[in-house]
Amino acid sequence: MSPSDLPEGADAAADAVRIRPFAVADTEPVVALWRAAGLVVPWNDPYLDIERKLAVQPELFLVGEAGGALVATAMIGYDGHRGWVNYLAVDGSRRGAGLGARLMAEAERLLAERGCPKLNLQVRSTNAGVIAFYRSLGYEVDDVASLGKRLIPDGPRHDQPRPDESRVDAP
Ligand SMILES: CC(C)(COP(=O)(O)OP(=O)(O)OC[C@H]1O[C@@H](n2cnc3c(N)ncnc32)[C@H](O)[C@@H]1OP(=O)(O)O)[C@@H](O)C(=O)NCCC(=O)NCCS
């Protein structure tokens, strides 16, 4: 590749990222990315979350790869009524280059292709930056209370470092 072929600027850097379905060999880099992005919390075991996703619509679990490095993830699902995106994460060194928006566009494309009429997201109301990110992509804050009931407790794993809970978005 000659220097003139090299991508220039932030948008070009994001273009160098290949988005593809998750493969089992991605497990450790994915968990490392989630930890670095503050998405791993004591009540969700990331390895179990990956295992569960591989049992349900595994083709909707996307990763971004650049030069052999894993730099982004998005865990997408369609329940027959609404589409959902969890574990959206972009490596810290690649943020602000349009990669998060690209992953969300791909999520929307895959969901629309399946006939999904609406995509829902859960973000902590205190996380103004991520809400601004989604608003810039056309998402609006719905006037609903998000309720949840745990059916299978994962419990804390002793080998996991304690996350920075102020950055957690996925309940
Ligand atoms: C949220 C996240 C995925 C965004 O990825 P990204 O690649 O940096 O986002 P993009 O570069 O595609 O940004 C798209 C738009 O959102 C805006 N945006 C992104 N992060 C923002 C922030 N913190 N505050 C305000 N606006 C933001 C960008 O300015 C851009 O707007 P523009 O199109 O008008 O220029 C990334 O910051 C991340 O991984 N955060 C940690 C994990 C996390 O919190 N995930 C969300 C779980 S719900």
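Strands β2 (61-66) and β3 (69-78) make a hairpin with 2 residues between them, and Gly67 in the turn has a positive phi of about 55°. Helices and strands here are DSSP runs numbered from the N terminus, with H or I over at least four residues for helices and E over at least two for strands. Keep in mind that this is a predicted model: local features need pLDDT of at least 70, side-chain atom pairs count only at pLDDT 80 or more, and totals for chains, interfaces and linings use all residues. Numbering starts from 1 along each chain as its sequence is written.

**Strand pairing**
- The hairpin strands β2 and β3 are antiparallel and share 6 bridges; strands count as paired if DSSP finds at least two bridges between them.
- Within that pairing, Gly64 has Ala72 of β3 as its bridge partner.
- β2 also pairs antiparallel with β1 (residues 18-21), through 4 bridges.
- There, Arg18 is the bridge partner of Glu65 in β2.

**The core**
- The largest nonpolar core has 31 residues; such a core is a set of buried Ala, Val, Leu, Ile, Met, Phe, Trp, Tyr and Cys residues joined through C-beta atoms within 7 Å.
- Trp34, Ala72, Ala74, Ile76, Ala89 and Leu103 have the most contacts inside this core.
- At least two core residues come from each of α2 (27-36), β2, β3, β4 (83-90) and α4 (99-113), and β3 gives the most, with 6.
- Beyond its neighbours within four places in sequence, Trp34 touches base with Leu39, Val40, Pro46, Tyr87 and Ala89 as contacts, meaning that the C-beta atoms, placed from the backbone, lie within 7 Å.

**Helix α4**
- The 15 residues of α4 should span 21 Å at 1.5 Å a residue, and the end C-alpha atoms agree, being 21 Å apart; the expected span is 1.5 Å times one less than the number of residues.
- Leu99, Gly100, Leu103, Met104, Ala107 and Leu111 of α4 are buried (20 or more other C-beta atoms within 10 Å of a residue's own; exposed is 12 or fewer, partly exposed in between, with C-beta atoms placed from the backbone).
- These residues sit on the same side of α4, because they cover an arc of only 140° around the axis, taken from the directions from the helix axis to the C-beta atoms.
- On the other side of α4, Arg109 and Glu113 are exposed.
- After α4 comes Gly115, with a positive phi near 85°.

**Confidence**
- Mean pLDDT (the predictor's confidence in each residue, from 0 to 100) is 88, and 82% of residues reach 70 or more.
- Residues 1-7 stay under 50, with 5 contacts beyond four places in sequence.
- Residues 162-168 also stay under 50, with 12 such contacts.
- Where pLDDT is low, the predicted coordinates should not be read in detail.

Key. Contact = placed C-beta atoms within 7 Å.
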